[in-house]
Amino acid sequence: MSQISLIVPATRDDPFRKGELATYQRLLMEQEGVDEVEVVFADRAAVDRLSLAVHPMVQVVDDAANHVSLLRHGLAAARGEVLIVLDPAREYAPEAILQVYEALRDGDADVVVGVPRSGRKLWSLGGVRGRTLAILGRLALGTSDGLSGLAALRRSAVRSLVTEKRFAPGSHILLDVLTWCSGTLLDVPVHTGAEDRRRIDAVGLDDLRQLKRVLDHRFGTLSRLVQFCVVGASGMVVDLSLYGVLLWLFASAGFGSASEASAGAHGAMFVAGCISIWAAMSWNFLLNRRLTFNDTREGSIVRQYLTYAVGNALGILVSLTLRLYLPSRFGVFARHRLAAAVVGIVVATGISFSMSRWVVFRRKPAAEPSEQETALV
């Protein structure tokens, strides 16, 4: 660990106090085996290097970047074997930098996250709520503090980093780090300044997208399956609601009476089933394209919809067959036709997900990495 890069995406409203970054740099340089500590300062406008009093310093400027985009630009420019990410909007005591670095240097973790010491209220919530959020955060994110503004990671943990887009959704730098780094995570208690104010701001759509990217990165197909099932559950509501309404309308018009149903499947059930399944399939397609597989929305929506319909034809056939076959063979399903529809939906879900994940919404092969990405891998 001879070279360290301290990456600072400069998004604080007030300027850095003179010597603040220099103190961090000096403390790291005093560590045994450290040859150089570079400060990578990413901002929307150039700053006076003398005002920061750090050397060596790499300055990255992008006037159209946001908080997360500046972080990515800074990481792309960093040359260190150890990367330390610091959110300048937070107030960390100087020793906090050393605490995450020493934990990374002396341990086996690939990413070390600095969390406030136990004396402070985690997530700005105390009691059961704070502990529950910490547990859920560790299970879902690998760290109890997804809002941390301080992390140290090994260069080997950086798998891929997309820097082509000038604006990266989301506002939390640690969540962005967790979308492109891999390996073992470790939480380390650190000191924060007396003026540090961590709170949960209003959650926006970009923040939810950022959280989704973390879950997709950490859990892969399992995360997609859960989202697919949630979308499928909403589609089941659409399917069953429309199916029930259509059956009632047909019965009111003299089609599909109870006596006809006891004799087996009839035309009204078939028509109602086809319409409700088509409506649910269209609903599921739009939500899956927008949410579950939102990273594969390239190309014509019409072509993708037709591919989706063809790819899910087997699942649709299974669902329709079961909802028609079960009432004609089993008395309980003849009396409860919606239950037969539920069985068909559940069985078809596995088929539909497999086709959607690996046929319809299959990602295109990644393009050749840019020079910046190659330097980080």
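Modeller: Let's start with a term: accessible areas come from the Shrake-Rupley method with a 1.4 Å probe, and for residues, only the protein chains shown count as cover. This is a predicted model, where local features need pLDDT of at least 70, side-chain atom pairs count only at pLDDT 80 or more, and totals for chains, interfaces and linings use all residues. Residues are numbered from 1 along each chain as its sequence is written, and side-chain values use heavy atoms, with hydrogens and water left out.

Colleague: Thanks! What share of the exposed area do carbon and sulfur atoms supply?

Modeller: The protein exposes about 18700 Å². Of that area, the part supplied by carbon and sulfur atoms is 62%.

Colleague: And what percentage of the residues is buried?

Modeller: Buried means under 20% relative accessible area, exposed over 50%, and partly exposed in between (1.4 Å probe, protein chains only). The protein has 377 residues. The buried ones make up 47%.

Colleague: How many helices and strands are there?

Modeller: Helices (H or I, at least four residues) and strands (E, at least two) are DSSP runs, numbered from the N terminus. For this protein the tally is 15 helices and seven strands.

Colleague: Which residue forms a salt bridge with R26?

Modeller: Side chains of opposite charge can pair when their charged atoms come close. A salt bridge is a side-chain nitrogen of Lys or Arg within 4 Å of a carboxyl oxygen of Asp or Glu. For R26, which is partly exposed at 43% relative accessible area, the closest N and O atoms are 3.1 Å apart. The partner, exposed at 52% relative accessibility, is E30.

Colleague: Where does E36, the salt-bridge partner of R79, sit in the chain?

Modeller: The N to O distance between R79 and E36 is 3.6 Å. The pair links distant parts of the chain, 43 residues apart, with R79 in the loop between α3 (67-77) and β4 (82-86). E36 lies in strand β2 (residues 36-43).

Colleague: Which residue is linked with E36 and R79 in a network of salt bridges?

Modeller: R79 is partly exposed at 47% relative accessible area, and E36 is partly exposed at 27%. The residue that joins these two in the network is E38.

Colleague: Is D176, the partner of R213, buried or exposed?

Modeller: The closest N and O atoms of R213 and D176 are 3.9 Å apart. R213 in helix α7 (residues 205-219) is 37 residues from D176 in helix α6 (residues 173-180). R213 is partly exposed, at 26%. D176, at 0% relative accessibility, is buried.
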